[in-house]
Amino acid sequence: MIERRLSTRFDTTLKTLCEIVREKIKSYYELKNISKEGALLILDVPLDQDSELNLSVDVPGDNVPIFMPARVAWQKESILEPKKKIYETGIKFAQIDEFDRVRFFELICSQWLKLYGRE
């Protein structure tokens, strides 16, 4: 398989509040496999390609969450357990405020370092 990713992925998981704009659904989901361009979002609903999302990630010790708009790049249905479907959803981050972008990658790096016992 040819690797098409342009940037490094961080194998860490963050809980994120995700608003699915068109469906007016707002719920917490897992954000994984994160890079500067996008991530894997684990959803419980199917979405069309290019569906708009608004993500809000809580930062430990900070009262202000990180806000990030995103779009669905692809989605794959999986069976988690009998009769429970999940949707592995590749997302591409849209224009993120520079201040939030820096905060987001500081958070990802700190989570990744904790995961691998280097902090």
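Of the contacts in the protein (heavy atoms within 4.5 Å) with a separation of 6 or more, 54% are accounted for by residues 24 or more positions apart. The model is a predicted one, in which local features need pLDDT of at least 70 and side-chain atom pairs count only at pLDDT 80 or more, whereas totals for chains, interfaces and linings use all residues. Residues are numbered from 1 along each chain as its sequence is written, and side-chain values use heavy atoms, with hydrogens and water left out.

The protein contains one helix and six strands, taken as DSSP runs numbered from the N terminus (H or I, at least four residues, for helices; E, at least two, for strands), and along the sequence these follow the pattern β-β-β-β-β-β-α. About 7,900 Å² is exposed, 51% of it supplied by carbon and sulfur atoms, with accessible areas obtained by the Shrake-Rupley method with a 1.4 Å probe and, for residues, only the protein chains shown counting as cover. Of the 119 residues, 38% count as buried (under 20% relative accessible area, with exposed over 50% and partly exposed in between; 1.4 Å probe, protein chains only).

The largest nonpolar core, a set of buried Ala, Val, Leu, Ile, Met, Phe, Trp, Tyr and Cys residues joined through side-chain atoms within 4.5 Å, has 28 residues, and L31, L41, L53, L55, I91, F93 and F104 are those with the most contacts inside it. At least two residues of this core are supplied by each of β1 (10-20), β2 (25-34), β3 (38-43), β4 (52-57), β5 (66-81), β6 (84-93) and α1 (98-115). Neighbours within four places in sequence aside, L31 is in contact with residues including T12, L14, L41, L55, I91 and F104.
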